[in-house]
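This report describes the helices, the charged pairs and the confidence of a single model. The sequence and the structure are shown first.

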Amino acid sequence: MNTPAADVTGPRDGVALAQLVGEALIQAQGHADTEDAAEIRAITDAMVRLLIGAPLHSDGKLTIVSLATEAGLRRNKLTHKHTGLKDLFYALVRARIPVLEAVPDSVRARAAKQQQDLARVRAERDDLRGQAQLLARIVHVLEIENSKLKETNAALEHQVAAQASVPDLTRRRRS
């Protein structure tokens, strides 16, 4: 790539940087036709594909394992031999994550207010859950008391009917 990384703007800054670093490493090592040059080229090409989101041979995750798979190499080539490229890849991945300092104050204030609102709503929810459980217990106790009162009332009505010499007309059959 002939364009310096500083001139490239936008989401592909990491891609241009990876390509430039790969070319610089190949030239600096003086191994234009050796196995190292081929590995470096494969790693930088794999970095580019992963960073732009177009993997060919891996799951597309931004990890060293995916990078090695994408490059067609074993992971230890990156963790032991080409550690500079591994560090570059990690740096490029971190650079893709938005920096918290770049967030405007208005967005931070809105996020803080939303966090406070969320905490308040959660506290209200927990309080309402507690109240609902208490009400359920109260209803249960009242149902038991009501059942006992109905039994007591039925027993008392039966006693009153037995003691009174008045016949129970509700039990008579119609003729």
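## Salt bridges and helix packing

In this predicted model, Glu70 and Arg49 form a salt bridge, with their closest N and O atoms 2.7 Å apart. Glu70 belongs to helix H3 (residues 64-71) and Arg49 to helix H2 (residues 35-52), so the pair ties together parts that are 21 residues apart in sequence. Both partners lie below the 20% limit for burial: Glu70 is buried at 2% relative accessibility, and Arg49 is buried at 18%.

The structure holds 8 salt bridges. Side chains of opposite charge can pair when their charged atoms come close. Three of the pairs are set out below with the distance between the closest N and O atoms and the relative accessibility of each partner.

| Pair | Closest N and O atoms | Accessibility of the first residue | Accessibility of the second residue |
|---|---|---|---|
| Glu70 and Arg49 | 2.7 Å | Glu70: 2%, buried | Arg49: 18%, buried |
| Lys86 and Asp87 | 3.9 Å | Lys86: 18%, buried | Asp87: 43%, partly exposed |
| Glu124 and Arg120 | 3.1 Å | Glu124: 41%, partly exposed | Arg120: 43%, partly exposed |

In the pair of Lys86 with Asp87, the closest N and O atoms are 3.9 Å apart, and the cut-off for a salt bridge is 4 Å. Lys86 counts as buried at 18% relative accessibility, whereas Asp87 counts as partly exposed at 43%.

The salt bridge between Glu124 and Arg120 lies within helix H6 (residues 105-163), where the two residues are 4 apart and thus separated by about one helical turn. Glu124 is partly exposed, with a relative accessible area of 41%, and Arg120 is partly exposed at 43%.

Salt bridges also link Glu39, Lys77 and Lys81 in a network.

## The contact of H2 with H3

Two packed helices are described by the angle between their axes and the distance between the axes. The axes of H2 and H3 come within 8 Å and cross at roughly 115°, and the crossing is right-handed. On the H2 side, the contact is made by Ala42, Ile43, Ala46, Met47, Arg49 and Leu50; on the H3 side, by Ser66, Leu67, Glu70 and Ala71. By class, the residues of this contact divide into 7 nonpolar, 1 polar and 2 charged. Arg49 and Glu70 are among the residues that make the contact, and these two also form the salt bridge described above.

Which residues does Ala46 touch, leaving aside those up to four places away in sequence? They are Leu67, Glu70 and Ala71. Ala46 is located in helix H2 and counts as buried, its relative accessibility being 0%. Between Ala46 and Ala71, which are 25 residues apart along the chain, the C-alpha separation is 5.1 Å.

Another residue of helix H2 is Asp36, which is partly exposed, with a relative accessible area of 22%. Asp36 lies 46 residues from His82 in sequence, while their C-alpha atoms are 9.2 Å apart in space.

## The chain as a whole

The secondary structure of the protein chain comprises 6 helices and 0 strands, and the elements run α-α-α-α-α-α from the N terminus on. Of the 175 residues in the chain, 19% are buried. Among contacts between residues at least 6 apart in sequence, 48% join residues that are at least 24 apart.

## Confidence

The mean pLDDT of the protein chain is 79, and 71% of its residues reach 70 or more. Among the elements of the chain, the lowest mean pLDDT, 64, belongs to helix H1 (residues 13-29), and the highest, 93, belongs to H6. Over residues 1-11 the pLDDT is below 50, and this stretch has 11 contacts in the model beyond near neighbours in sequence. The salt bridge of Glu124 with Arg120 lies in helix H6, the element with the highest mean pLDDT.

Key:
Residues are numbered from 1 along each chain as its sequence is written. This is a predicted model: local features need pLDDT of at least 70, side-chain atom pairs count only at pLDDT 80 or more; totals for chains, interfaces and linings use all residues. Side-chain values use heavy atoms; hydrogens and water are left out. A salt bridge is a side-chain nitrogen of Lys or Arg within 4 Å of a carboxyl oxygen of Asp or Glu. Buried means under 20% relative accessible area, exposed over 50%, partly exposed in between (1.4 Å probe, protein chains only). pLDDT is the predictor's confidence in each residue, from 0 to 100. Contact means heavy atoms within 4.5 Å. Axes are lines fitted to C-alpha atoms, for helices over the stretch in contact, and angles run from 0 to 180 degrees between N-to-C directions. A crossing is left-handed if the near helix is turned anticlockwise from the far one by less than a right angle, and right-handed if clockwise. Ala, Val, Leu, Ile, Met, Phe, Trp, Tyr, Cys and Pro count as nonpolar, Asp, Glu, Lys and Arg as charged, and the others, Gly among them, as polar.
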